[in-house]
Amino acid sequence: MKFEIITKDSHTRARRGRLHLAHGIVETPIFMPVGTQATVKAMTPAQLRSLSVEILLCNSYHLMLRPGHDVVGRLGGLHPFMGWDRPILTDSGGFQVFSLSALRKISADGVEFRCHLDGSSHFLSPEGAIDIQKSLGSDIMMALDDCLAFPATHAAARESMERSMAWADRCHAHFQKLAPAGQELFGIVQGGVYPDLRQESAEHLVNRGFPGYAIGGLAVGEPNPRMYEVIERLEPHLPEDRPRYLMGVGTPADLVECVALGVDMFDCVMPTRHARNGWLFTKDGHIVIKNARYKDDPGPIDENCGCPVCKTWSRAYLRHLFMANEILSSVLNTMHNLYFYLDTMRRIRQFIEFHRYDELLAEVRSRPPSVMEEKG
C-alpha cells in the first residue's frame, strides 16, 4: 500500500491524497458506500462503477454468518464472489458484535456472542477477526476493537480503550505472521470523548506502525460539536503520511467538517438507507418523496444534479414508484443519493486543490440545518 499527499489546503487541515491498493487507486478524501452483505443494497457492481465508486466497505460479521467467510474464501474472496474489481475495506465485525449487548460476553480473549439470526453461539477473537478478513480477501482489513456507547465514564472508556489496544497488538502480530498478499491492516483509535485517552490510544497504535489509522467509537450518540472536538484534538497525534479513516460518519455536513480536520476516508449507511425510505438529498434541502406535494411534480429531484435519475425521471414518477412499493424505487433513489455523496466528495477534493476549502466550509455552514445535518 502507498499513500501520497498531493496537496494540503492553505486554510484548514484538509488534505488531497491518493491511496494505492492491490485492486486500484483511491482518490482521497473518499466516501465508501456500505455493501454490508457483499452488496450495496439495490445496486449492481456495474451501476456502482458508473457512479465512479472507487472503494466499498463490506461487513465481516454478516459475511461470517452467511454465507460464511470460509465459503467466500473457497470461491476466491469477495472480489470474484461479488463481481467487484475495485478495492474493498472490511470491518472487523466488532461494532456489530458489541451492538448486541444482550447477546454477548466480553473477556480478555475476545467476545462470545449469539447470532441475531438463529441464536447460535460464536466466539470472535482478535486472531479470528484477522483470519475471517484474510478469507474475504479485502484490500484493507480492520483490527478488532471494543466500541463503547455514549455516554461513558472516563474509567469505562479507559477499560474499553486498553482492551482495544491489547486486541490491536494481537491483530497486528497475527497479521504479520500470516503476511497475506495484497492486504493491509489498519488500527482503530478508541477512548470515547476523552482527549487524553484518544492520545494514549493513538500513540500506542503509531508505535506498532500500522499503515493507516481509523477513528472508531464516534457517531454513537455524542453531539456533533463534541465529535468534531475529539477529532481536532486527536489529529496532531496521527502520522501525517498515513490515511485517516473516520468510521460510520456521516451526514454530508459531517464529511465537509471532518475533512477540514484532516480526515481522509468515510463510510456510512445513510445515503443508501435513507434512499430506501424515500429520503433524497439535494444541495437545497432534503426531499421526502412520499409527500403528496410531489404527486404531480414534473421536475427532477434536483435541477442542478447530474445523476442519471435527475436527467431522466420526475419527482412524480419517483413518488409513484415509492408509493407502489416498486423495487425500482430503491434502485433509483439509491443511485441519486450515492451520486450526491460522491459528488460532494468530488467538490471537496476540488476545493482543497484550489486552496479554497474555507469557502466550502462557509457555504455549508450558511445552509439551514435541514439541508445538510438533519438525520431523518
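**Strand pairing, burial and a helix contact**

User: What makes β5 and strand β6 (residues 88-91) a pair in this predicted model, and in which sense do they run?

Analyst: β5 and β6 are joined over four bridges in the parallel sense, and since at least two bridges are needed for a pair, the four bridges between these strands satisfy the criterion. Within this pairing, leucine 57 stands opposite leucine 89 in β6.

User: How do you know whether the two faces of strand β5 (residues 56-59) are covered or open?

Analyst: Both faces are covered, as Leu56 and Cys58 on one side are buried, and so are Leu57 and Asn59 on the other. Buried here stands for a relative accessible area under 20%.

User: Why is serine 60 called buried, and where does it lie?

Analyst: Serine 60 lies in helix α2 (residues 60-65). Its relative accessible area is 1%, and because the limit for a buried residue is under 20%, serine 60 counts as buried. Leaving aside neighbours within four places in sequence, serine 60 is in contact with Thr90, Asp91, Ser92 and Gly93, and also with Ile132, Gln133 and Leu136.

User: What makes β7 and β9 the edge strands of their sheet?

Analyst: The sheet is open and consists of three strands in the order β7-β8-β9, with antiparallel pairing. β7 (104-106) and β9 (121-124) each pair on one side only, and they are the edge strands. From one strand to the next, the twist averages 15°.

User: How do you know that strand β8 (residues 111-114) pairs with β9?

Analyst: Four bridges join β8 to β9 in an antiparallel arrangement, where at least two would be required for a pair. As one of the matched positions, valine 111 has leucine 124 in β9 as its bridge partner.

User: Why is α10 called roughly parallel to α14?

Analyst: The axes of helix α10 (residues 252-259) and helix α14 (residues 327-353) come within 10 Å and cross at roughly 25°. Because angles under 35 degrees count as roughly parallel, α10 is described as roughly parallel to α14. The crossing in which α10 passes α14 is right-handed.

User: Which residues meet where α10 and α14 are in contact, and how many of them are nonpolar?

Analyst: From α10, Pro252, Leu255, Val256 and Val259 take part, meeting Phe340, Tyr341, Thr344, Met345, Ile348 and Ile352 in α14. The residues of this contact divide into nine nonpolar and one polar, with no charged residue.

Conventions:
Residues are numbered from 1 along each chain as its sequence is written. This is a predicted model: local features need pLDDT of at least 70, side-chain atom pairs count only at pLDDT 80 or more; totals for chains, interfaces and linings use all residues. Side-chain values use heavy atoms; hydrogens and water are left out. Axes are lines fitted to C-alpha atoms, for helices over the stretch in contact, and angles run from 0 to 180 degrees between N-to-C directions. Angles under 35 degrees count as roughly parallel, over 145 as roughly antiparallel, 65 to 115 as roughly perpendicular and the rest as oblique. A crossing is left-handed if the near helix is turned anticlockwise from the far one by less than a right angle, and right-handed if clockwise. Contact means heavy atoms within 4.5 Å. Ala, Val, Leu, Ile, Met, Phe, Trp, Tyr, Cys and Pro count as nonpolar, Asp, Glu, Lys and Arg as charged, and the others, Gly among them, as polar. Buried means under 20% relative accessible area, exposed over 50%, partly exposed in between (1.4 Å probe, protein chains only).
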